[in-house]
Amino acid sequence: MKILKRMAALELAFCLVLGCSLAEDFSLEDFWEDDLIAEDTYGDVTWDFPIRLSDMDPELIRIANQDYLLSKDFVPDTLVTIPARKANKDGSNANNGMLKAVSSTMQLQATCAEALIELSEAARADGYNLYLKSAYRSWSTQNTMYKNRLKKNNGKDDGWVSKAGASDHQTGLGCDVIPKSWINASGMNSKMAKEKECIWMAQHCQEYGFIIRYPEDKEDITKIHYEPWHLRYVGIPVATYIMENGLCLEEFHEQLQAAIDRFLEAGGNPAVVEPYIQRSAE
Ligand SMILES: [Zn+2]
């Protein structure tokens, strides 16, 4: 991440001197290949994976799903309230913040909140207003939502609301971001993917460290319906890798665990990889 920012700053300085455009000259892909696909060596053992361990924050890649449940007590320790932006009628406003689709207070992990505001500002610069509909949810809030959904469905889990502990929203890194036209919709469904705001998010989210957490073609793996609105923060290197390779977070972790196994088999120090191993609370 630091390298990434330094490179971007250098590139910016270079471009300013030469008067060239950033968009034309700055490409994540250019140094992705040279710098990010690099080897890390711990003792005699090489970390054999496209992303360096130092470019993955264990906190930010934590998975929550039916197989890897978060505990009832898990609360992210850097939750911050999302600054709200009161928009002018034309959607313009210079204040930093995020348009909100609901009036309640919403929280996310600090790094994710910062990145989400950057993403929404970039979308706005391209002419799209994004609205935050849902962010961090505690275990007990999720539990209530799940029970209510079951009641509505005669006790059947329809795959729209995760059970407590399995929700990406409990990580404080998952959020639902929607176009204005869907604010008053009675529900959300995959048709939203056709909205220009969602097309923009799918194209650009990784530049800000986000992935589409529940992709269209991965429902059999995520066990969750396609949700073009659900963004998940994982950091730029991991997001770029996931989006460019068309993966879901479950597949990413499968690859990561295979790399961890290779590292350990080669005699690597278990303490080095321990923070990256996913474990279920139950
Ligand atoms: Zn969601």
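Which residues lie on one side of strand 7 and which on the other, and are they buried or exposed? Here are some friendly notes on that strand and its surroundings.

1. First, the ground rules. This is a predicted model, in which local features need pLDDT of at least 70 and side-chain atom pairs count only at pLDDT 80 or more, while totals for chains, interfaces and linings use all residues. Residues are numbered from 1 along each chain as its sequence is written.

2. The overall picture: the chain has 10 helices and nine strands (DSSP runs numbered from the N terminus, H or I of at least four residues for helices and E of at least two for strands). Of the 282 residues, 33% are buried (20 or more other C-beta atoms within 10 Å of the residue's own, against 12 or fewer for exposed and partly exposed in between, with C-beta atoms placed from the backbone).

3. Now the opening question. On one side of strand 7 sit Gly174, Asp176 and Ile178, on the other Cys175, Val177 and Pro179, and all are buried. Strand 7 is therefore largely enclosed by the rest of the structure, with six of its six residues buried.

4. Strand 7 belongs to an open sheet of five strands, ordered 4-6-7-9-8 with mixed pairing (two strands pair if DSSP finds at least two bridges between them). Strand 4 (99–100) and strand 8 are the edges, each pairing on one side only. Strand 6 pairs with strand 7 in the antiparallel sense over four bridges; leucine 130 has proline 179 as its bridge partner, and tyrosine 131 is opposite isoleucine 178. Strand 9 also runs antiparallel to strand 7, joined by three bridges, and here glycine 174 faces arginine 232.

5. Helix 6 lies across strands 6, 7, 8 and 9, at about 140° to strand 7 (axes are lines fitted to C-alpha atoms, for helices over the stretch in contact, and angles run from 0 to 180 degrees between N-to-C directions).

6. The largest nonpolar core holds 57 residues, and Leu132, Val177, Cys205, Phe210, Ile211 and Ala239 have the most contacts inside it (such a core is a set of buried Ala, Val, Leu, Ile, Met, Phe, Trp, Tyr and Cys residues joined through C-beta atoms within 7 Å). Among the elements giving two or more residues to this core are strand 6 (130–134), strand 7 (174–179), helix 4 (110–125) and helix 8.

7. Helix 8 (residues 236–244) has eight of its nine residues buried. One of them is Ala239, which, leaving aside neighbours within four places in sequence, is in contact with Cys205, Gln206, Gly209, Phe210, Ile211 and Val234 (contact requires C-beta atoms, placed from the backbone, within 7 Å). Just after helix 8, glycine 246 has a positive phi of about 60°.

8. Helix 4 has 16 residues and spans 23 Å from first C-alpha to last, close to the 22 Å expected at 1.5 Å a residue (the expected span being 1.5 Å times one less than the number of residues). Its buried residues are Cys112, Ala113, Ala115, Leu116, Leu119, Ser120 and Ala123. They cover an arc of only 165° around the axis, so they are on the same side of helix 4 (the arc is that of the directions from the helix axis to the C-beta atoms). Glycine 127 follows helix 4, with a positive phi near 100°.

Key: Two residues are in contact if their C-beta atoms, placed from the backbone, lie within 7 Å.
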